Amino acid sequence: MYETITYRVENGVAWLTLNRPDKLNAFTSQMNGEIKKAIKASAESDVVRAIIITGEGRAFCSGQDLSEVDESKHLGQVLREDYGPMMQQISRCEKPIIAAVNGVAAGAGFSLALACDFRLISENASFINAFVNIGLIPDSGNLYYLTRIVGHAKALELSLLGEKVTASEAKAIGLATKVIGVDEWNEQLRAFAGNIAAKPTKAIGLIKRYLEATYHLSLDEYLTEEAEGQRIAGLTQDFAEGVAAFTEKRKAQFIGK
Ligand code: T3D
């Protein structure tokens, strides 16, 4: 079913592992399609409440496979047909998505990590906005997210210099949610994903949607939209459970509905 990634669901968490370690998990068109298929399956699943994207071997993802050039398409077409839809799918997914950055994330691999909701990074991880090193501009939503995450000046610096950002630098500039030691990697990743998967999933989806809307709407428009979002949240079983648990002074057991 999948050849360039592996996909499994464990305890409400979908694990998407990019699986071309010899090429540092560089994107081929096939891998691009399989990631989108797995994200769609996770988004539509009744049991999945959090998604982890990670890489096999020593890298997270080295971006577009530079040995696979489709002569029949120009790069704009590749972005419109392959990468753009992936970034839209991640943005519109109403479940939390964690980039578990186990090693280097370069080019569109960096963009993929930026588009996710959290970046848990190994102490061995690094980021490279490698596009400028081969004469391209950062793509796949890279500048859109990078500016929001680290601010204009830092985004410009990383994009123009194309140099390696170490894990500790990434943490210092706000790129990483958390830096995890190699020995604790699996345990901490599972704990983080388990914690977010146990939260009220519908509310999380709405928070993602409305936070994004703040960038496009006027305050008046936003307040109207926000009221609709809260109407929806207020109808969930998790809201009823949250209030009951508070009143009864116990921990809430959310079911994601
Ligand atoms: O269609 C379009 O092109 C538009 C879309 C563009 C989106 C993009 O992502 S453009 C940016 C593409 N990515 C890059 O430019 C990064 C290229 N890779 C690197 O700069 C370095 O490999 C790294 C800094 C990521 C890691 O360096 P290092 O020294 O740890 O490893 P390495 O020795 O360079 O790589 C190991 C192997 O992976 C090597 O193969 P070999 O010699 O052992 O057979 C290398 O060729 C291969 N590899 C690494 N990255 C890619 C790759 N092969 C194909 N494509 C790659 N992106």
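1. A small pairing makes a good way in: Val101 has Ile121 of strand 7 as its bridge partner. Please keep in mind as you read on that this is a predicted model. The two strands involved, strand 5 and strand 7, run parallel and are joined by 4 bridges.

2. Staying with Ile121, this residue also stands opposite Val179 in strand 10. Strand 7 and strand 10 pair in the parallel sense, over 3 bridges. Is strand 7 enclosed or open to the outside? Of its 5 residues, 4 are buried, so strand 7 is largely enclosed by the rest of the structure.

3. Stepping back to the whole sheet, you will find 6 strands in an open arrangement, in the order 1-2-3-5-7-10 and with mixed pairing. Which strands form the edges? They are strand 1 (5-10) and strand 10 (178-180), each of which pairs on one side only. On average, neighbouring strands of this sheet are turned by 20° against each other, direction ignored.

4. Another pair worth opening in your viewer is strand 2 (residues 13-18) with strand 3 (residues 50-55): they run parallel, and 6 bridges join them. Within this pair, Ala14 has Ile51 of strand 3 as its bridge partner.

5. Next, the helix packed on these strands. Helix 7 (residues 185-197) lies across strand 2, strand 3, strand 5 (97-101), strand 7 (118-122) and strand 10. Relative to strand 3, helix 7 runs at about 155°.

6. On the domains, the assignment for the chain gives domain 1 as 5-197 and domain 2 as 201-247. Their C-alpha centres lie 27 Å apart. Each domain brings 6 residues to the contact between domain 1 and domain 2. What kinds of residues does domain 1 put on the side that touches domain 2? That side divides into 4 charged residues, 1 polar and 1 nonpolar.

7. Finally, the ligand, which may be the part you want to look at yourself. It is surrounded by 21 residues, the closest being Ser62, Gly63, Gln64, Gly107 and Ala108. The elements giving two or more residues to this shell are helix 2 (75-92) and strand 6 (104-106). By residue class, the shell around the ligand divides into 13 nonpolar, 5 polar and 3 charged.

How values were computed
Residues numbered from 1 in each chain as written. Predicted model: local features only at pLDDT ≥ 70, side-chain atom pairs only at ≥ 80, totals over all residues. Pairing = 2+ DSSP bridges. Axes fitted to C-alpha atoms, helices over the stretch in contact; angles between N-to-C directions. Contact = placed C-beta atoms within 7 Å. Domains from an automatic or database assignment. Nonpolar A, V, L, I, M, F, W, Y, C, P; charged D, E, K, R; others polar. Buried ≥ 20, exposed ≤ 12 C-beta atoms within 10 Å, placed from the backbone. Near = placed C-beta within 6 Å.
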